[in-house]
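Trainee: Please take me through one part of this model closely. I would like the ligand site, and then whatever is built around it.

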Amino acid sequence: MSTLQHTEKVIPLNSRRPRGEAFVPPKRNPVRPATRAVSITSGKGGVGKTNIVANIGYELSRSGQSVLILDADMGLGNLDILLGLAPRFNLSHVIMGEKRIDEVVVEGPGNMKILPAASGIQELTQLSRDQKIGILYELDQLLDSVDILLIDSAAGISANVLDFSVSAHETMVVVTPEPTSITDAYALMKVLALKYDEKRCRLIVNQAANDQEGREIFRQLNIVAQKFLDIEVDYFGCILKDEIMTACVKQQRIVSQAFPESMAARGFRNLARKTGALPTLPATSGDSHLVWHHIFQEDISWK
Ligand SMILES: Nc1ncnc2c1ncn2[C@@H]1O[C@H](COP(=O)(O)OP(=O)(O)OP(=O)(O)O)[C@@H](O)[C@H]1O
Ligand SMILES: [Mg+2]
């Protein structure tokens with residue numbers, strides 16, 4: 001339960017780093033390959049992002065990778081609920097300067113590490129630039145100890161959502177076969193391309209009737225993206241509609257753990273394998289720091 005009340009104002013994060021003090025990027029371990037940071041986003045809400053992140057995270061964790069999941073749905077985070085966790089602290093405590101980020105990390109199924117978000121605190125959906133950079137700065141401190149960071153975004157095209165998404169090295173857009181979801185995915189790609197100058201995103205089709213439907217949705221979206229947007233869309237794969245998912249959500253269990261041979265779990269295994277094989281950035285690259293990546297994107301979006 002959060003200690004913040006709805007009426008309370010959120011103060012700037014990271015009072016330990018005074019305003020105006022030069023930002024010094026954390027030093028990376030040169031031997032360890034850079035962590036991959038992957039954000040999962042969508043135009044329309046309720047398309048399955050949180051389930052995708054939880055199941056891919058679980059599968060990667062089981063295969064021996066060290067996984068950290070950030071619940072970046074700042075105002076309505078629910079990853080902890082989906083996983084049946086009841087964390088005492090969450091990102092709101094980090095933003096309030098009450099806890100360090102490593103102090104709010106909890107362990108989820110399969111040993112994956114979870115950074116829970118607060119729920120029901122509206123101020124968190126309107127973070128200032130300093131607060132966003134503060135969170136990313138603290139997140140960077142954790143990156144050396146994990147192989148992969150998965151970011152579970154809120155839906156939509158607001159700056160509060162996308163500023164986190166584009167700080168990751170890979171952006172995945174989730175879409176379902178519903179026409180409204182497809183048009184909203186296109187709107188999201190448009191903002192990614194025009195406002196943030198993203199050159200590539202990857203598409204996950206969730207709740208598809210079959211593989212063919214997944215590929216067909218990709219084909220349609222890719223045609224319009226190629227024609228009107230300067231962004232390359234790669235097909236990452238699809239997850240079939242599987243009623244067992246609903247039962248798992250109700251029981252706060254993840255399908256990959258509870259029913260590893262279900263259709264959905266097989267799809268998640270496939271996506272996890274591909275996620276684990278994504279290229280890493282060289283450890284020496286400044287780009288591997290979320291804060292630098294963020295500031296770079298910010299320069300573009302303010303032009
Ligand atoms: N492959 C699937 N088959 C059947 N149902 C699914 C599938 N994927 C997700 N769902 C259902 O969709 C619902 C929404 O999923 P989820 O909460 O992961 O979406 P979300 O995109 O994270 O939503 P929000 O935008 O609100 O954060 C869940 O209740 C889940 O049962
Ligand atoms: Mg969600």
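Mentor: Ligand 1 is surrounded by 19 residues. The closest are Gly45, Gly48, Lys49, Thr50 and Asn51. Keep in mind that this is a predicted model. By class, the shell around ligand 1 holds six nonpolar, nine polar and four charged residues. Three elements each give at least two residues to that shell: helix 1, strand 7 and helix 9 (244–250).

Take helix 1 next. Helix 1 covers residues 49–62 and lies across five strands. These are strand 1 (36–41), strand 2 (67–72), strand 5 (148–153), strand 6 (170–175) and strand 7. Against strand 5, helix 1 runs at about 165 degrees.

Helix 1 also meets helix 11 (residues 263–276). Their axes come within 8 Å and cross at roughly 65 degrees. Helix 1 is therefore roughly perpendicular to helix 11. The crossing is right-handed. From helix 1, the contact uses Asn55, Ile56, Glu59 and Leu60. From helix 11 come Phe268, Arg269, Leu271, Ala272, Thr275 and Gly276. This contact of helix 1 with helix 11 has five nonpolar, three polar and two charged residues.

Now the sheet. It is open and mixed, with eight strands in the order 3-4-2-5-1-6-7-8. Strand 3 (106–107) and strand 8 (232–240) are its edges. Each has a single partner strand, so one side of each has no neighbour in the sheet. Strand 7, which contributes to the ligand shell, spans residues 200–208 and runs parallel to strand 8. Eight bridges join strand 7 to strand 8. Within this pair, Arg200 stands opposite Glu232 of strand 8.

Helix 7 (residues 179–194) packs on the sheet as well. Helix 7 touches strand 1, strand 6, strand 7 and strand 8. Its direction makes about 160 degrees with that of strand 6.

Last, the partner of helix 7. Helix 8 spans residues 211–228, and the axes of helix 7 and helix 8 come within 11 Å. They cross at roughly 40 degrees, so helix 7 and helix 8 are oblique to each other. This crossing is right-handed. Helix 7 brings Ile182, Ala185, Tyr186 and Met189 to the contact, where they meet Ile217, Leu221, Val224 and Ala225 of helix 8. By class, the contact of helix 7 with helix 8 has eight nonpolar residues, with no polar and no charged ones.

Methods:
Residues numbered from 1 in each chain as written. Chains lettered and ligands numbered in written order. Predicted model: local features only at pLDDT ≥ 70, side-chain atom pairs only at ≥ 80, totals over all residues. Pairing = 2+ DSSP bridges. Helix = DSSP H or I, 4+ residues; strand = E, 2+ residues; numbered from the N terminus. Contact = placed C-beta atoms within 7 Å. Axes fitted to C-alpha atoms, helices over the stretch in contact; angles between N-to-C directions. Near = placed C-beta within 6 Å. Nonpolar A, V, L, I, M, F, W, Y, C, P; charged D, E, K, R; others polar. Parallel < 35°, antiparallel > 145°, perpendicular 65-115°, else oblique. Left-handed = near helix turned anticlockwise from the far one by under 90°.
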